[in-house]
Amino acid sequence: MSFDQLGAELQARKKQSLYRQRRILQSPQAPELIVDGKACLAFCSNDYLGLANHPEVIAALKQGADLYGVGGGASHLVNGHSQAHHALEEELAEFTGRPRALLFSTGYMANIGAVNALLDKRDAVFQDRINHASLLDAGLLSGARFQRFLHNDADNLDNRLQRTEARRKLVVCDGVFSMDGDLAELPAICQTSAAHNAWVMVDDAHGFGCVGQQGRGTVDHFDLGSDQVQVLVGTLGKAFGTSGAFVAGSEELIETLIQHARTYIYTTSMSPAIASATRASLKLLQQDEWRREKLNHLIQRFRSGCEQLGLPLMASPTPIQPILVGEADRAMAISAALEAKGIFIGAIRPPTVPQGAARLRVTLSASHTDEQLDRLLDALSDVMAGLEV
């Protein structure tokens, strides 16, 4: 049996401007990159604090490799849980103000593992409509009754919780929504969940490092604790500048994940050298307040510039600043025109976002300068004016 049918489907995606292609990065993460052999100014990285290429983080990675080697060697429960992993877990627990933290190899695995360790077909999971794909997949795979409530709508969540007789109820949302950049309305969501004896799980992948005291995230920003948010997930490949993820919570939660989270049990641990690098980035993330101050300055400067240009920004106070475009082919055309001017920004299209809601997902980093941001605004002005002709 041939793959001709798949080939036809791929061609259809190309015609719909939905075809995805990888680009080859030939330089370290930084505002100025070499992509596919061409120099460009990039505004599409999750390296929000500019730590991915920080010399102290690189030095810690090298030192970790000298001490522990490169590979984890085994799963955490066999022979792959190194001193570097254990120390990082303890430091992440302290950072989040929770008794324990547990490392996972990726954020996707952390979300899949946590939800599926806690729920089965006797239970119910309630998710914000625009949650990250890993959260949605986790809910579907759990076998629990899966429901999506309207975005940031605690009243709609309340209506759904009232109608369930499930053994366990888990309410799941992002802390910062990855495609819109807005914050979850956590106080209302937590209050509603508590009224129905439901747990709350927050994936704060894009919040850690950028919001909250010392970058402690969205939950800290709203002054909420483990009584309101029982399951807290963070990824290390964004503001931390390394890779991997963690779940933080109570002693009972973490022990349950160790016993039942298949994505933790049945995979090799992350490189201990990466764990060592992350310990260095965690210190920088907390102590370098100027990085968050710089980010907030750039966010305000960008939003002001877009307002002057009449560009339709979404309501985001975070480094994720989406420019709503509409149709996928228009988003692709704008992205290509910007790239021709040396500006690299990806076009986000369905099914990642709804039909008719394609966008340019501009992401800012503390490593960007005012001059680089002004160059982006000038390029946007020229490109958008040219497309209107």
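# Briefing: two sheets, a helix pair and a cavity

Strands β10, β13 and β12 form an open sheet in that order, with antiparallel pairing. The model is predicted. A second open sheet has the order β1-β2-β11, and its pairing is mixed. Elsewhere, helices α2 and α11 pack with their axes 7 Å apart. One cavity of 30 Å³ or more turns up in a search of the whole structure.

**Antiparallel sheet**

- Strands of a sheet pair through backbone hydrogen bonds, either parallel or antiparallel.
- The edges of the β10-β13-β12 sheet are β10 (320–326) and β12 (347–348), and each of these pairs on one side only.
- β12 is joined to β13 (residues 358–363) by two bridges, and the two strands run antiparallel.
- Across this pairing, A347 stands opposite L360 in β13.
- Helix α13, residues 328–340, lies across β10, β12 and β13. The helix runs at about 35 degrees to β13.

**Mixed sheet**

- In the β1-β2-β11 sheet, β1 and β11 (343–344) are the edge strands, each pairing on one side only.
- β2 covers residues 38–42 and pairs with β11 in the parallel sense, over two bridges.
- L41 stands opposite I343 in β11.

**Helix pair α2 and α11**

- α2 spans residues 55–68 and α11 spans residues 272–287; they pack at an angle of about 150 degrees.
- The crossing of α2 past α11 is right-handed.
- The α2 side of the contact consists of E56, V57, A60, L61, G64, A65 and Y68.
- These meet P272, A273, I274, S276, A277, A280, S281 and L284 in α11.
- By class, the residues of this contact are eleven nonpolar, three polar and one charged.

**I274 in the helix contact**

- I274 sits in helix α11.
- Leaving out residues up to four places away in sequence, I274 touches L61, T242 and S243.
- I274 and A65 are 209 residues apart in sequence. Their C-alpha atoms are 8.5 Å apart in space.

**Cavity**

- Rolling a probe the size of a water molecule over the atoms shows where empty space is left.
- The largest cavity holds about 70 Å³ of space.
- Its lining is made up of Q29, A30, P31, A42, S45, D47, S365, S367 and H368.
- Three of the lining residues are nonpolar, five are polar and one is charged.
- A42, one of the lining residues, falls within the β2 range of 38–42.

**Backbone points to check by eye**

- Most residues other than glycine have a negative phi, and most peptide bonds are trans.
- The peptide bond joining P350 and P351 is cis, with omega about 10 degrees.
- P351 is in the loop between β12 and β13, the two strands that are joined by two bridges.
- S17 is not a glycine, yet its phi is positive, near 60 degrees.
- S17 lies in the loop between α1 (4–15) and β1 (32–35). β1 is an edge strand of the mixed sheet.

Notes:
Residues are numbered from 1 along each chain as its sequence is written. This is a predicted model: local features need pLDDT of at least 70, side-chain atom pairs count only at pLDDT 80 or more; totals for chains, interfaces and linings use all residues. Side-chain values use heavy atoms; hydrogens and water are left out. Two strands pair if DSSP finds at least two bridges between them. Helices (H or I, at least four residues) and strands (E, at least two) are DSSP runs, numbered from the N terminus. Contact means heavy atoms within 4.5 Å. Axes are lines fitted to C-alpha atoms, for helices over the stretch in contact, and angles run from 0 to 180 degrees between N-to-C directions. A crossing is left-handed if the near helix is turned anticlockwise from the far one by less than a right angle, and right-handed if clockwise. Ala, Val, Leu, Ile, Met, Phe, Trp, Tyr, Cys and Pro count as nonpolar, Asp, Glu, Lys and Arg as charged, and the others, Gly among them, as polar. On a 1 Å grid over the protein atoms alone, a cavity is a set of points where a 1.4 Å probe fits but cannot get out, and a pocket is an open set with protein on both sides within 12 Å along at least five of seven lines; lining residues have an atom within 4 Å of a point. Grid points are joined across faces, edges and corners, and a volume is the space filled by probe spheres set on the points.
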